[in-house]
Amino acid sequence: MDFHHVSVMLEETVQGLVTDPDGTYVDCTLGGGGHSHRITELLSDKGRLIGIDQDEAAIKASAARLADARCRVDIVHSNFRHLGKVLEEQGADRVDGVVFDLGVSSHQIDTAERGFSYMQDAPLDMRMDPEAAFSAYDVVNTYSEKDLDRIFHDYGEERWGRRIAQFIVKEREAKPIETTGELVDIICKAVPKAVRQAAGGHPAKRIFQAIRIEVNDELGILAETFRTAVRHLKPGGRIAIITFHSLEDRIAKQTLKEMSRGCICPPELPVCVCHHQPEIRLLGKPRQASRGELEENSRSKSAKLRIAEKLG
């Protein structure tokens, strides 16, 4: 299957990110190379792009797509949680821009055997890095009822999480739960039919999101990685973050807000004693996809783009 992924808010992101055609830019979520390809179109032959992805299929697809770039292109097989190490190994201690396009790619969802979709029956997997040892199978079949309830609540914000966890634990007593189809059936049994009909959306959506986040530690690595990215920006360099659900957007919002603040003393202190200086300035309000893009790409509906600039 060809690697297919439509980059959300492509022009808004790249135009807000690239300020120097001779600069060095980092795409921490390379995917099919959509944002990266557009970045390279704006760079001169003195510019440089560093792309990072943990999915070999993405790396292969993006390498082909970026083959005609006139600037230098370096593609690294890694998780962006290792951003600092990657930049050190690439000899790029200071860069002009870093972009994060968070969440799961269209290709990963549409490739049935990857196990990301509740709409297609496949082995329970959900690993963004297929070489990783830990998968959705391990979460579903080894986590206690309490831990399942916790991730369904924290990562899926699912009100029926406890009941779904109970049904999963009961079902796996007979045999392991091995496929996405089996898991969907269990979820549908746990959530009353009247509730499913009233809710409208698929009852498995939030549960699959929660398990995917747990498998890939998607939220646990964000705040520190955003801070790492800002530390490696040159003065005037920019960070662009695209989020797709409230949990990751909350982390992006809070982290950028904290880095943009001056004094961080407790409010009860009459004068500032911390002398903390802001590291970045936020460039406008979060942006969302245009009406035209929403009509062409339904997956852009929940996307938010935040851009900030490193202060000198």
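This report describes the setting of strand β2 and one group of aromatic rings in a predicted model.

Residues are numbered from 1 along each chain as its sequence is written, and side-chain values use heavy atoms, with hydrogens and water left out. Because the model is predicted, local features need pLDDT of at least 70 and side-chain atom pairs count only at pLDDT 80 or more, whereas totals for chains, interfaces and linings use all residues.

Strand β2 spans residues 48-53, and 6 of its 6 residues are buried, so the strand is largely enclosed by the rest of the structure; buried means under 20% relative accessible area with a 1.4 Å probe, protein chains only. R48, I50 and I52 cover one side, while L49, G51 and D53 lie on the other. Strands are DSSP E runs of at least two residues and helices are H or I runs of at least four, numbered from the N terminus, and two strands pair if DSSP finds at least two bridges between them.

| Strand paired with β2 | Sense and bridges | Partner of I50 |
|---|---|---|
| β1 (residues 24-27) | parallel, 4 bridges | V26 |
| β3 (residues 72-77) | parallel, 6 bridges | D74 |

Helix α2 (residues 34-42) makes a right-handed β-α-β unit with β1 and β2, and helix α3 (residues 56-65) makes one with β2 and β3; right-handed means that, with the strands pointing away from the viewer, the path from the first strand over the helix to the second runs clockwise.

F80, F100 and F226 form one aromatic cluster, in which rings pair if their centres lie within 6.5 Å. The structure holds 4 aromatic pairs. The ring centres of F100 and F226 are 5.1 Å apart with planes at 80 degrees, so this pair is edge-to-face, the class for planes over 60 degrees apart, while those under 30 count as stacked and the rest as tilted. Both F100 and F226 are buried.

Technical notes: Buried < 20%, exposed > 50% of the residue type's maximum accessible area, 1.4 Å probe, protein only. Phe/Tyr/Trp six-rings, centres within 6.5 Å; stacked < 30°, edge-to-face > 60°.
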